[in-house]
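Visitor: I'd like to know how labels like "buried" or "cavity" get earned. Could you walk me through one example?

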Amino acid sequence: MPLSACGGGSGTAPAASITPPSGALLITDIQGSGSSSPLDGQTVTISGVVTGDFQENDTDTGSNLGGFYIQDELPDADATTSDGVFVFDGNSPAIDVNVGDRVSVTGTVAEYFGETQVNATAVSLAGSGSIDPTDITLPVAATSTNSDGDLIADLEQYEGMLVRFTQTLSASNLRNLERFGSVRLSSGGRLYQFTNSNPPDVAGYAAHKDSIARRSIVLDDGQRAANPIDVRYLFAGNSADYSIRTGDTVVDVTGNLRYARGSGGNGDETWRLMPTVDPQFESVNPRPGRPETGGNIKVASFNVLNLFSTVDSGQSVCGPQGADNCRGADSDQELQRQLAKMATALALLDADIVGLMELENNSDASLRLIVDALNTRLGSDEFTYLDTGTIHGDAIKIGFIYKSSTVGLVGSFALLGRNTDSRFNDDRNRPALAQSFELLANGAVVTVVVNHLKSKGSSCETDGDANLSDGQGNCNQTRTNASIAIADWLATDPTASSDPDFLIMGDLNAYAQEDPLTALKNAGFTNLLDSQSDPYSFVFDGQAGALDHAIASASLAPQVVETIEWHINADEPQLLDYNLEHGRNPALFDADSPYRASDHDPIVIGLELTN
C-alpha cells in the first residue's frame, strides 16, 4: 500500500529490502531544508528509485536533460526537505536507467542554476521499486523570490520529486513555447492584468503579483536544447486539428519538479515540471471564425506588428529621416509571409474602415503594400488608403484603409500633436489621426480617431512621470494627458464634420481601469468594452488585458450594434507568425490562416449609422 509523507512525498512499499548501501546518505540529507544543499561540493553516495528518465542518447529522444531523477523510497517526516534529486550523468551515460530501477549513485553535490544535483561518477543498478507521485494543489501557500527579483511559487520542499498537479490548470503563457518548449500554467483559470478589472492601487497590485506567483507553474518539455524542431505541446490536444491556445486547459499534469532557467539556461528562473506522462490539453478556447457584427457599417482597428515595406537588413535607413532602425520582416521571404497572413486576416475582418497601427512611417509605401495585398486577395480594387504622407518623426505611424465602395472621405484628416495641445507629448505618443467618413448608402457621417499611445515598456521618469507601482506601469501620466487632450480636441470638431459622432480607436497601451480610460469616460465617452467580462486584446507576462479600445461619443454610443474583440492573435503561439527565426519549421506557416497575423487582437464595431 502507498506510504504518504507528512509533507515531503509518498512512496510504495518495496518488495525487497531497501537498506541503503554502507555509507550512503538519504536524499533528504542532500536536499536539506534550505534553498541550496548543505553538502554542496561534497562527494556523496545515495540510493533511490528512478522516477524520471531524462538521459541522453537512449531510446527516449524526447526527454533529454542529461540525467535522471531518483527518490527515497521511504520519505522522511520533515515537510521542509525534498525526497528527490536530479542525477546528472552527461551525454554518454555508462548505465542506461529506466523508471522503476533502484540505483546507487556516487557523485559530487552541485547547485546548477539553483537546482540541487548530484554529478554522478558511478551508477549501479540494485533492483526495482516504485514511487507514487506526490499530489500538489495550486495556489501554494507561499512565494519566494528568484535571482531576477521576481516572485515565484515556493516549491522548494518538492524539488526533484515526482509530483502531480491534480486540478484543472489553464495555459496562461505561450511566449516561450518556441524557444524553450514551455507553457506557463495557472490555477483558477487564465491570468489577467490587475488594472484590467481593478482600479490602480499599490497594495492591491502587490497582492495581485503574489497571487499570480502562487497560482503558476511552468510545464517544460524535458529538453535541455533550445529551439526544438518538434514543439512538444503545439498539437498536444484532444482532436486532430488542435493547435494550443492560451486559455486551454489540462488536468493531472505529472512529472519531476526542477528549478531551472529552461533550455540552455536562458529562460525565466522558476519551477518547471518535466513531464513523465504526456499531457493532453482541452480546447476550451477555440479559434473564432469570421466576426459578424450587424449594422450598416463595420469599423475596426488593427495593430499590424511593425509592418514595414522596407526589409530590415540591420541598417538604420527607416523613419522619415532615414536614420532609424527598421523593424518587421528581416528578408523578402518574411515580408511576403507577413503580407499574405495580414491580407487573409483583413479580408476575413471585412470592415469598411480599418485604423492601423505600427506601419512603417514612410510616405505611402507601407499602406500601399497592404492595400495591394488585400485587393489581390479579394480579386478587386475595393480597398484604398488615406494618404497622409509621413507623420511626425517616429519609425512607425498610424493610418487608415477603407472600402471606397461603401464609404467616402469627408473633408481632410487632422492630426493631434504637441503643436495643437502641449499636453499631448508627441515625443512619447504617436500623434492621433482623425478622419471623417460618409456612409455612401445614406450620407451618415462618423469621425474615426486612430491612436497609438506611449507603451509601458520604457520609462518616462526623466519627464517626471515615474512608475508608481500601482499596476499602470511606466508613463501613465503621459498617456493620461494625451487622453485628456484627445477629448478636448474632438470637442473642437478638428475635421470640421459638423457631426458629433466620434469613435476613438487603437492601441492606447492602457488597461480598462487605468487613468487614460477613466479620463475619456469623465469627458463623456463610452468605452465599448465595458459591457464585456474580462476584455483583452494582448497577453503580456502571461496576463491578458485590453490595450486596444473602442470608445464612442455620447451621440454615437446608441448607434453601436456590437463590439467584438476578434481573438485571432493574442492567444496564439508566436511560432505561427511570419517569422523564420530560431530555426523555425517553415511548414508551420499557413498564409490562408488569419491566426497570429499580429500580436494584438483587432477590435471590430458594428454601427447602425444614421443621420
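**Strand β20 and a cavity**

Guide: Sure, and keep in mind that this is a predicted model. Three bridges join strand β19 (residues 383-385) to β20, and the two run antiparallel.

Visitor: What makes β19 and β20 a pair?

Guide: Pairing takes at least two bridges between two strands. β19 and β20 have three bridges, so they pair. In one of the matches, Tyr-385 has Ile-401 in β20 as its bridge partner.

Visitor: How do you know that β18 pairs with β20?

Guide: Use that cut-off again: six bridges join β18 (residues 353-360) to β20, so this is a pair too, and an antiparallel one. Here Val-354 has Ile-401 as its bridge partner in β20.

Visitor: Why is β20 called mostly covered?

Guide: A residue is buried when its relative accessible area is under 20%. In β20 (residues 396-403), eight of eight residues are buried, so the strand counts as mostly covered. Ile-396, Ile-398, Phe-400 and Tyr-402 point one way, Lys-397, Gly-399, Ile-401 and Lys-403 the other way, and all of them are buried.

Visitor: And what makes a space a cavity?

Guide: A 1.4 Å probe fits inside but cannot get out. The structure holds one cavity of 30 Å³ or more, and the largest cavity has about 70 Å³ of space.

Visitor: Why do two of the lining residues of the largest cavity count as charged?

Guide: Asp, Glu, Lys and Arg count as charged. The lining includes Glu-178 and Arg-584, so those are the two charged residues, alongside five nonpolar and four polar ones.

Terms used
Residues numbered from 1 in each chain as written. Predicted model: local features only at pLDDT ≥ 70, side-chain atom pairs only at ≥ 80, totals over all residues. Heavy atoms only, no water. 1 Å grid on protein atoms, 1.4 Å probe; cavity = no way out; pocket = protein on both sides within 12 Å on 5 of 7 lines; lining within 4 Å. Points joined across faces, edges and corners; volume = space filled by probe spheres on them. Buried < 20%, exposed > 50% of the residue type's maximum accessible area, 1.4 Å probe, protein only. Helix = DSSP H or I, 4+ residues; strand = E, 2+ residues; numbered from the N terminus.
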